[in-house]
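I opened this notebook page to record two look-ups, one on how a pair of helices packs and one on the state of the cysteines.

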Amino acid sequence: MQFNGVFNNTKVLVTGDTGFKGSWLCTWLLNLGADVYGLADRVYDKPNMFESIGLDSRIKHSECDICDLEKLGKIINEIQPDFVFHLAAQAIVSESYANPVQTFATNAIGTANMLECLRRYEKSCAAVFITSDKCYENQEWVWGYRETDALGGKDPYSASKAAAEVAIHSFVTSFFDSNHPVKIGTGRAGNVIGGGDWAKDRIVPDSARNWAAGDHVTIRRPDATRPWQHVMEPISGYLRLAQNLCSEQPRHGEAYNFGPDAAQDITVLQLLEQLLKSWDL
């Protein structure tokens, strides 16, 4: 999938480049001929995909906390990107309970900082903000959420993602009119699995670690159904959204859900049974 060559010979900034999805996105962009820049405050997991595949030597990486507005703005102005993918986030629900203020600061204030930097930006640019399908108010219903459904969240992680979406809508409505050179879109996805994910408290990497050590896996809710999707699926959606944002009729200011058809949803137990076949256990 080449996306009509729109990323070839362009400068692309990926925040959260050291993360699971960020590393995959950077890799795909390199294959599309982009000059890839990344920033993150640190590498969170050991091991991690970013270092395992040598991305630190293949892209231009900067250390930056997205809560540092001044430094973030300086990096963006030095790069002069044609595309921005904002993935930097605190993405673990359990961590949001342990450090709720830090989670809100990173996910909500960090997003607002990126929006403020782009508000001042004077070059044509397509910016895709990645939030989560957890940004919706949980109605406990069986069908999927629509982009027009109410935002909300009981746990700090979900609430921080809803807050990020509110900030995006506010900035787009207030500052990014049709004459502004920056076009913005939002991608919402969740339950993403795939190679290179070593995060804690996530079903696939936790299971892989336990099985590799010869231990059993404890499942809290084996019958819970989730819209699992391989990491390449939402990333292809983010790239397609960026492509559309720089078209003659850009999808400016809109949010998009990325996920599988409901008929493909399976339970946690079914997912682990499929994974077990690959482990031959």
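The entries below take the helix pair and then the cysteines.

**Entry 1, helix packing.** I note at the outset that I am working from a predicted model. I looked up helix α3, which spans residues 69-79, against helix α5, which spans residues 100-119, and found that their axes come within 10 Å and cross at roughly 45°. An angle between 35 and 65 degrees falls outside the parallel and perpendicular classes, and α3 and α5 are therefore oblique to each other. For the hand of the crossing, I recorded that α3 passes α5 in a right-handed way. I then listed who makes the contact: α3 contributes Leu69, Leu72, Gly73 and Ile76, while α5 contributes Asn113, Met114, Glu116 and Cys117. Sorted by character, the residues of this contact comprise five nonpolar, two polar and one charged.

**Entry 2, cysteines.** How many disulfides does the structure hold? I found zero. I checked Cys67, which is in no disulfide and has the sulfur of Cys64 as its nearest cysteine sulfur, 9.4 Å away. Cys67 counts as partly exposed because its relative accessibility is 30%.

I came back to Cys117, already listed among the α5 residues that contact α3, and asked why its sulfur forms no bond with that of Cys64. The sulfur in Cys64 is the closest cysteine sulfur to that of Cys117, but the separation is 8.5 Å, which is too far for a bond, given that a disulfide requires sulfur atoms within 2.5 Å. Is Cys117 buried or exposed? I entered Cys117 as buried, because its relative accessible area is 6%.

Notes: Residues numbered from 1 in each chain as written. Predicted model: local features only at pLDDT ≥ 70, side-chain atom pairs only at ≥ 80, totals over all residues. Heavy atoms only, no water. Axes fitted to C-alpha atoms, helices over the stretch in contact; angles between N-to-C directions. Helix = DSSP H or I, 4+ residues; strand = E, 2+ residues; numbered from the N terminus. Parallel < 35°, antiparallel > 145°, perpendicular 65-115°, else oblique. Left-handed = near helix turned anticlockwise from the far one by under 90°. Contact = heavy atoms within 4.5 Å. Nonpolar A, V, L, I, M, F, W, Y, C, P; charged D, E, K, R; others polar. Buried < 20%, exposed > 50% of the residue type's maximum accessible area, 1.4 Å probe, protein only.
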